[in-house]
Amino acid sequence: MELIKRQVQTQWSGKPVVDQFLIDSDYNVPDNRKDIRKIMLSEGELKPEEIKRADKYIKVQGKLLFRILYVTDEADEKIAELSGQIPFEEMVYSEEEKGEWVPRSSRTDVTVTMIHSRKLNIRTMAELVLVPEERENREITEDVEGIADSMKKKESRKILTVQNVIRDTYRIKEELKLPKGKDNIASLLWTDIKPQRLDTKLVQDGLIASGELLVFCFYETPDETLNWIEETVSYEGRIPCPGADETMFHQIYTKFTDETAEPRLDEDGEMRAIGMEVTLEVRAAVYEEREQEFLRDMYSLTQDITMDTKKEEYEQVVMQNHLKCSIHETLSLPELKDNIFQICHTGGTMEIVRTEAEEKGIRVEGILHICFLYVKPDDSIPFDTWQGMVPFSCLLECPEIGPHIRCFVDGYPEQITVSLLGGGKAEVKASAAFRAFVRKPEEVNLIVNAEAVPKSMEDIEGRPGIVGYIVKEGEDLFDLAKRYGTTEESIREVNGLKDEELKAGERILIFRENMSIL
């Protein structure tokens, strides 16, 4: 006797670990940068470079990349940018020994304090979410061979199998030009590039990523005045993904990093173009949902079969979708009541704090972190920044919901606007875009081993020859045929049954197979 088995691959993800830690370091201003009088804006990004297991800890090494927008300390005050990096090493406790640890998300809250004009203290509260992942090879018993007079019960289920796991980058290279009415560029002072929209879809052997970037550039003109430009830049690119096609599903993690921008000459030889490059980092698991046949049970009229079984858990897809919800909030800003003329640029990031299944869908709660640059009544430096946060709660509709669903949700803000209402109040409007991949567990009872020995004559002759039986709820022809040593075909023939399914309360006769009374 031989069990016929099929190899399938699944993707295992363990429980995420959230680590919050402090990076506190002094930083000397490089010689090629001007002295600092005032810090206007600071931001940072964690860049893990090496993650490895060390006993019951996860050792994370990397760099904090930071940028600072500041006012120079000179008679003719100007705005300048300073960027740098600070190494970090963090030991994260976890008893999970399975899988490879990968970063899922990170956040930073950077506070820069001046020690003096050539030295800064950079204090960063950092949060890093790590998750263990592993690609698993599993066996499914589909059939059996080598058993005489064998009767088999099979069952077909939809299960989710992993087809490929990719880690790749796509370099976005675009150019924008100054609109008419804007002065030429002498130097770029500050560039903010944020994703405005990101759509992903699988195609044959590839993944298409398309969307928009909101690009804001703060620059100095040739006559040393300050100006800015804000434009939306579209992009589309293809990332290789062998074996993928349009019918498959994907769970994807994305991150935009390594943003650079530089002024360029346009076709007329004037400095009126900006070349920008951004790296889109992608980590994706590609899944295929297919009908898989399982060998659920078996028996023989001439042999006793003993089987070893175990319960295995697979997954089915509930939903993969791009969803949106609106965020609307009125802020009270008394400190800016008489100190703001115009908002030049609004940017932000979104932090998802909690996701939970409810009766009508998936509840997503989080924080929208906002920063805007505005014009103020100051002849020397007529610009300043404001930073704050807006909590939000959204319900994402889901066609099938339950306590056991597993949902992956990530998101980013789209179209953030801040409008001045007067009286020290401002209105915040934003569209939150979410990618949701929802699955549910599917438990299967697998046959992992089986043995067969010939039946004894005493056992065969000891069974009743004729049984009058009243069908109970949930019983089927296979179970009754196995119990009383006959076949499904024999029960149907004796009772004149045409349907495969039996009805509870139905009265039938069951004859032991090969009895001469038949």
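**Exercise 1. Strand pairing around β15**

Task: In this predicted model, determine in which sense β15 and β16 pair, and over how many bridges.

Solution:
- Locate the strands: β15 covers 342–357, and β16 covers residues 361–375.
- Read off the pairing: the two strands run in the antiparallel sense, with 14 bridges between them.
- Check one position: Ala-357 stands opposite Ile-362 in β16.
- Extend to the sheet: the open sheet has 3 strands in the order β15-β16-β17, with antiparallel pairing.
- Identify the edges: β15 and β17 (383–397) each pair on one side only, which makes them the edge strands.
- Add the twist: from one strand to the next, it averages 15°.

**Exercise 2. Two helices in an annotated span**

Task: Find how α2 and α3 are oriented to each other, and state which residues make the contact.

Solution:
- Start from the record: UniProt, in an unreviewed entry, lists residues 467–510 as "domain: LysM".
- Describe that span: residues 467–510 are 36% helix and 18% strand, and their end C-alpha atoms lie 5 Å apart.
- Take the helices: α2 (residues 477–484) packs against α3 (residues 488–495) at an angle of about 100°, and the axes are 8 Å apart.
- Classify the angle: values of 65 to 115 degrees count as roughly perpendicular, and α2 and α3 are therefore roughly perpendicular to each other.
- List the contact: α2 contributes Leu-477, Phe-478, Leu-480 and Ala-481, while α3 contributes Glu-488, Ile-491 and Arg-492.
- Sort by class: the contact of α2 with α3 has 5 nonpolar, no polar and 2 charged residues.

**Exercise 3. Burial of a strand residue**

Task: Decide whether Thr-161 is buried or exposed, and name the residues it touches.

Solution:
- Place the residue: Thr-161 belongs to strand β8 (residues 150–177).
- Apply the cut-off: buried means under 20% relative accessible area; Thr-161 has 4%, so it is buried.
- Collect the contacts: leaving aside residues up to four places away in sequence, Thr-161 touches Val-8, Gln-9, Val-286, Tyr-287, Glu-288 and Arg-290.

**Exercise 4. Positive phi outside glycine**

Task: State where Asp-205 lies and where Gln-415 lies, given that phi is positive in Asp-205 and in Gln-415.

Solution:
- Recall the background: most residues other than glycine have a negative phi.
- Take Asp-205: its phi is about 60°, and its place is in the loop between β9 (187–203) and β10 (206–220).
- Note its exposure: with a relative accessible area of 34%, Asp-205 is partly exposed.
- Take Gln-415: its phi is near 50°, and Gln-415 lies in strand β18 (residues 406–422).

Key
Residues are numbered from 1 along each chain as its sequence is written. This is a predicted model: local features need pLDDT of at least 70, side-chain atom pairs count only at pLDDT 80 or more; totals for chains, interfaces and linings use all residues. Side-chain values use heavy atoms; hydrogens and water are left out. UniProt positions are given in the numbering used here, feature names are shortened, and annotations may be inferred rather than shown by experiment. Helices (H or I, at least four residues) and strands (E, at least two) are DSSP runs, numbered from the N terminus. Buried means under 20% relative accessible area, exposed over 50%, partly exposed in between (1.4 Å probe, protein chains only). Contact means heavy atoms within 4.5 Å. Two strands pair if DSSP finds at least two bridges between them. Axes are lines fitted to C-alpha atoms, for helices over the stretch in contact, and angles run from 0 to 180 degrees between N-to-C directions. Angles under 35 degrees count as roughly parallel, over 145 as roughly antiparallel, 65 to 115 as roughly perpendicular and the rest as oblique. Ala, Val, Leu, Ile, Met, Phe, Trp, Tyr, Cys and Pro count as nonpolar, Asp, Glu, Lys and Arg as charged, and the others, Gly among them, as polar.
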